[in-house]
Amino acid sequence: MAEAPIITGRLRLKDETDETLNSLRSKFTATFKDIGSVAGGIIAAEFAQNVTGALEDVSRAATDSAASFELATARIIAAVGATGEEAERLRRELEETAKTLGVEYGVGATAAMEAMEALVKAGLEGEEAVKALAGVLQLATIEGISTEQAANMVVQAMTQFGLS
């Protein structure tokens with residue numbers, strides 16, 4: 001009979017230990033869920049900040065590129081001396097050519113427009129610059145040089161052979 005109180009005591013101790021362990025397990029689970037929520041929030045905030053920064057950079061680059069494109073177009077028209085309807089026709093032709101050939105040669109419309117600007121600065125007229133652009137972009141791509149360098153090389157070669 002002496003064993004019955006010992007067994008009862010052991011069972012009670014086991015039950016109390018199970019209850020304590022279950023209580024601790026619940027508290028740890030809740031604590032780790034809270035930590036996970038906070039960490040997830042921090043990670044989400046950091047991610048959002050990085051995405052926002054990247055979008056700002058892309059937006060700034062696109063704005064700068066568009067401004068450079070428009071400025072180069074305006075400088076070409078001014079250098080050629082076109083006004084009124086002639087200036088508007090030349091603007092459309094320059095923009096269409098720069099966009100088409102810039103994509104075709106993988107340099108972008110802005111670089112193509114800047115190449116045409118270099119051609120005009122080197123002495124070619126608007127129409128001549130448009131016709132020479134494909135060759136300039138090919139040279140820049142093949143030689144791995146800037147479109148402005150290629151434009152200057154083309155104009156020098158044309159001048160040497162009396163083609164400008």
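User: In this predicted model, is the crossing of H3 and H5 left-handed or right-handed?

Analyst: The axes of H3 and helix H5, the latter covering residues 147-160, come within 8 Å and cross at roughly 35 degrees. As for its hand, the crossing of H3 and H5 is right-handed.

User: How do the residues of the contact of H3 with H5 divide into nonpolar, polar and charged?

Analyst: On the side of H3 the contact is made by Ala111, Ala115, Ala118 and Leu119, while H5 brings Thr147, Glu148, Ala151, Asn152 and Val155. Sorted by character, the residues of this contact divide into six nonpolar, two polar and one charged.

User: How many residues of H3 are buried?

Analyst: Helix H3 runs over residues 109-121 and reaches 18 Å from its first C-alpha to its last, close to the 18 Å expected at 1.5 Å a residue. Among its buried residues are Ala111, Ala115, Ala118 and Leu119, and these four also take part in the contact with H5. H3 is mostly covered, and of its 13 residues the number buried is ten.

User: On which residue is the kink in H4 centred?

Analyst: Helix H4, with 18 residues at positions 126-143, reaches 25 Å from its first C-alpha to its last, close to the 26 Å expected at 1.5 Å a residue. Its buried residues include Ala129, Val130, Ala132 and Leu133. H4 nevertheless has a kink of about 40 degrees, and the residue on which this kink is centred is Ala132.

User: Which residue with a positive phi follows H4?

Analyst: After H3 comes Gly123, whose phi is positive, near 120 degrees. H4 is likewise followed by a residue of positive phi, here near 70 degrees, and that residue is Gly144.

Conventions: Residues numbered from 1 in each chain as written. Predicted model: local features only at pLDDT ≥ 70, side-chain atom pairs only at ≥ 80, totals over all residues. Heavy atoms only, no water. Helix = DSSP H or I, 4+ residues; strand = E, 2+ residues; numbered from the N terminus. Expected span 1.5 Å × (residues − 1). Bend = angle between axes of the 7 residues up to and from the residue. Buried < 20%, exposed > 50% of the residue type's maximum accessible area, 1.4 Å probe, protein only. Axes fitted to C-alpha atoms, helices over the stretch in contact; angles between N-to-C directions. Left-handed = near helix turned anticlockwise from the far one by under 90°. Contact = heavy atoms within 4.5 Å. Nonpolar A, V, L, I, M, F, W, Y, C, P; charged D, E, K, R; others polar.
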